[in-house]
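These are my notes from one session with a single structure. I set down each item in the order in which I looked it up.

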Amino acid sequence: MSKRIWSAERILEEIRRLHASGSEITQSKVETIDSRLTSAAVRYFGSWRAAVVSAGIDYRGVAETGRKRRSEKMTKWSKDSILQQIRDLNLRGEDLSSSVVRRKHLALYATARRPEHFGSWSQAVTAAGIDYGRVRQGSQERRREAGDWKRRLLA
């Protein structure tokens, strides 16, 4: 793959092209399309917002689109759907420790922790009928085993 050379004008042209095509141009969405574009924009303009404004686009509309998308993601969750998702992960044998779920299932983790849902990940897991003490204990054992494996490998 050839390396793309970014100039300030090329960045602005690409932002305008994406916007004109109807694409959502929030930084998080554009990063999924072309992370090099967002990185170059921040490098040249100081922030994604400054690059969008420099491209002649009203950033309020861009920000509102992102807020609506995030809001829609959050409202699809109910307490029952959160509990069901946690139970499903447990049935599949997945690690339910907060660090693992935060990394692998961020939307579930973040939503479960919201005050209007359960307030914390441990409370959500407990509400799903799972002993969070055992979850933590299992996670600690897996970390210990991983450490042992690494020590044996390096020995």
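Which residues is glutamate 24 in contact with, leaving aside its neighbours within four places in sequence? I listed Lys29, Val30, Thr65, Gly66 and Arg69. I note here that the model is a predicted one.

**Entry on glutamate 24.** I placed glutamate 24 in the loop between helix 1 (8–20) and helix 2 (27–33). I then took the C-alpha to C-alpha distance from glutamate 24 to arginine 69, which is 10.0 Å, with their positions 45 residues apart in sequence. I also looked up the polar partner of the glutamate 24 side chain: it makes a polar contact with the side chain of threonine 26, at 2.9 Å.

**Entry on the whole chain.** I recorded ten helices and zero strands in the protein chain. I found that 33% of its 155 residues are buried. Of the contacts with a separation of 6 or more, I noted that 54% join residues 24 or more positions apart. The accessible surface comes to about 10200 Å², and carbon and sulfur atoms hold 49% of it.

**Entry on helix 3.** I looked up which residues of helix 3 (residues 35–45) are buried and noted Leu37, Thr38, Ala40 and Ala41. Viewed down the helix axis, the buried residues fall within an arc of 165°, so they line one face of helix 3. I asked what covers these buried residues, and the cover includes helix 1, helix 2 and helix 4 (48–54). At the start of helix 3, I found a side-chain oxygen of aspartate 34 within 3.1 Å of the backbone nitrogen of arginine 36. After helix 3 comes glycine 46, for which I noted a positive phi, near 95°.

**Entry on aromatic rings.** I searched for aromatic pairs and found one in the structure. The ring centres of tyrosine 109 and tryptophan 121 are 5.8 Å apart and the planes stand at 45°, so I entered the pair as tilted. Tyrosine 109 belongs to helix 8 (residues 106–113) and tryptophan 121 to helix 9 (residues 121–127), and the two are twelve residues apart. I checked burial as well: both tyrosine 109 and tryptophan 121 are buried.

**Entry on charges over rings.** I noted that the charged end of arginine 10 sits over the ring of tryptophan 6, 5.0 Å from the ring centre. I also entered lysine 79, which lies over the face of phenylalanine 118 at 5.5 Å from the ring centre.

Key
Residues numbered from 1 in each chain as written. Predicted model: local features only at pLDDT ≥ 70, side-chain atom pairs only at ≥ 80, totals over all residues. Heavy atoms only, no water. Helix = DSSP H or I, 4+ residues; strand = E, 2+ residues; numbered from the N terminus. Buried < 20%, exposed > 50% of the residue type's maximum accessible area, 1.4 Å probe, protein only. Contact = heavy atoms within 4.5 Å. Areas by Shrake-Rupley, 256 points an atom, 1.4 Å probe, with all protein chains shown as cover. Phe/Tyr/Trp six-rings, centres within 6.5 Å; stacked < 30°, edge-to-face > 60°. Lys NZ or Arg CZ within 6 Å of the ring centre and 35° of its normal. Polar contact = N/O pair within 3.5 Å; in protein donor to acceptor, adjacent residues only side chain to side chain. Arc of directions from axis to C-beta.
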